[in-house]
Amino acid sequence: MDKFVIAGGTALNGSIPINGSKNSALPALAAALLTEEPVTLHRIPRVRDIRTMQRLLVDIGASVTGEGDTVRLETPRISSPEAPYELVKTMRASSLVLGPLVARCGRARVSLPGGCAIGARPINLHILGLEQLGATIHQAHGYIEAQAPGGLRGANVQFDRITVTGTEDLLMAAVLAKGETVLRNAAREPEVVDLADLLVKMGARIEGAGTSTIRIQGVERLAGAEHTIIADRIEAGTFLVAGAITGGDLSVTGCIPEHVSALVSKLQQAGVRVTQPDDTTLRVSPGGQLRSVDMTTEEYPGFATDLQAQYVALMTQAEGIAIVVETIFENRFMHAQELARMGANIRIDGKQAMVAGPRRLTGAGVIASDLRASASLVLGALVAHGETVIDRVYHIDRGYEKIEAKLAAVGARIRRVE
Ligand code: EPZ
């Protein structure tokens, strides 16, 4: 298993280019199952979760080819409408094939995901929504089996709570259903909008993506399309925090500033200088001692839960006490114990973390527990005195392409060892 060895204490200066969004690319790949024609996707990040999704699509019957960050998918026939446990247990987003499979061939067999490091994360809302579209669902042997032999029918679906992949799954199911579907209390995340943009290019009729009510008029069939995935807002946010925590002068390029505005606002309140030199670049530079600022995670356009761990790392260096409340997942403070091993003063009470700072962090051996927790350990290590060894970095490889190369290029002393 690979490890990162990081010697902290150098400011990061320069610029880092941002990749396409992992969480946009995953549903876009699944959407290719909705047509027998070729779908070409550009700016696909080369990360482990994407490779897992491609493997799943090949098993289902897609041919997947590609060069660089372009992937071309073609699925003339669905040979096996199934997402097996072996893949779903390594990546929950595998459940994104459920909607497209039922829509395209009237049946799907998808493993239930089981437990997860950050919370229970059930897919009951995906299932309920599909039932409302007319699918019959049975659960047995750890799998759910969905059947809609006569096709899906448009319906009103009111989500009990906001779910990102649930909204995406239902959107992909509804585009081929007969009649109108209205999704209410839908997720407004940029990744949902990006998926809708791709589906519209494929011939779908969708209105309201990016708002909490999405209207879909089902069509008979979808065609192939070509689409470029949006920039990864979580990668951009992670590097902005890297610049801020090290007191560097760092730009992230090729990003969509609006998508990280909740983070930028917190950085500015904390005393970091943030400027926007052009439409797709954000630059952080030091503004003096960091100040503690409370933060609560929310669905988009609120502060992303996927940047909470990185923000906690930043607050260890800020003066005062920051109250950080996690409202999306029930167990997403695993990084706190590891940051505490490096000297952070963090107290967890249920959904709330109290971070007191500034604390001098010192290098230590720590373990990555999930994707974003790992990113926060890298951030802590960048500012710690001495050497930090982060174990199980396969978590970080799920969602960040070549993070060590990108950080090293702006001055970080980081290397990967086997
Ligand atoms: C997506 O996960 C992202 N994954 C996550 O990114 C992100 O943390 C999350 O949205 C929240 O923004 C992808 O896009 C592939 P949810 P998702 O359904 O869709 C509960 C990362 O680090 N819920 O919006 O699985 C659920 O338990 C990751 O890149 C139900 O109760 O999240 C959670 O508490 C990790 N029943 C809340 O809703 C359901 O059927 C929001 O989850 C579905 C969800």
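The lining of the second largest pocket divides into five nonpolar, eight polar and no charged residues. Here Ala, Val, Leu, Ile, Met, Phe, Trp, Tyr, Cys and Pro count as nonpolar, Asp, Glu, Lys and Arg as charged, and the others, Gly among them, as polar. That pocket has a volume of about 150 Å³, and 13 residues line it, with Ala244, Ile245, Gly247, Gly288 and Leu290 nearest its centre. On a 1 Å grid over the protein atoms alone, a pocket is an open set of points with protein on both sides within 12 Å along at least five of seven lines, a cavity is a set where a 1.4 Å probe fits but cannot get out, and lining residues have an atom within 4 Å of a point. Points are joined across faces, edges and corners, and a volume is the space filled by probe spheres set on them.

A word on the model: it is predicted, so local features need pLDDT of at least 70 and side-chain atom pairs count only at pLDDT 80 or more, while totals for chains, interfaces and linings use all residues. Residues are numbered from 1 along each chain as its sequence is written, and side-chain values use heavy atoms, with hydrogens and water left out.

There is one cavity of 30 Å³ or more. What lines the largest cavity? Asn19, Gly20, Lys22, Pro45, Val47, Asp232, Glu235, Gly399, Tyr400 and Glu401 do, and they divide into three nonpolar, three polar and four charged.

Now the whole chain. You'll find 14 helices and 24 strands in it, where helices (H or I, at least four residues) and strands (E, at least two) are DSSP runs numbered from the N terminus. The radius of gyration is 21 Å, which agrees with the value near 22 Å for a compact globule of 418 residues; it is taken over C-alpha atoms, and the globule rule is 2.2 Å times the number of residues to the power 0.38. Of the 418 residues, 56% count as buried, meaning under 20% relative accessible area, with exposed over 50% and partly exposed in between (1.4 Å probe, protein chains only). Among contacts (heavy atoms within 4.5 Å) between residues at least 6 apart in sequence, 73% join residues at least 24 apart.

Helix α10 (residues 308-315) is mostly covered, with eight of its eight residues buried. Just ahead in this tour is Pro301, in the loop between β18 (295-296) and α10. A cis peptide bond joins Tyr300 to Pro301, with omega about 10°. Another cis bond links Gly357 and Pro358, with omega about 0°, and Pro358 sits in the loop between β21 (352-357) and β22 (365-367).

Here are two residues with a positive phi.

| Residue | Phi | Relative accessible area |
|---|---|---|
| Asn185 | near 60° | 25%, partly exposed |
| Lys402 | near 50° | 54%, exposed |

Asn185 lies in the loop between β11 (180-184) and α7 (190-201), while Lys402 is found between α13 (394-397) and α14 (403-408).

Is Thr163 buried or exposed? Thr163 is buried, because its relative accessible area is 14%. Leaving out residues up to four places away in sequence, Thr163 touches Leu125, His126 and Ala187. Tyr85, in helix α3 (residues 85-88), counts as partly exposed at 39% relative accessibility. By the same sequence cut, Tyr85 touches Ser111, Leu112 and Tyr143. Tyr85 and Ser111 are 26 residues apart in sequence but 5.1 Å apart in space, C-alpha to C-alpha.
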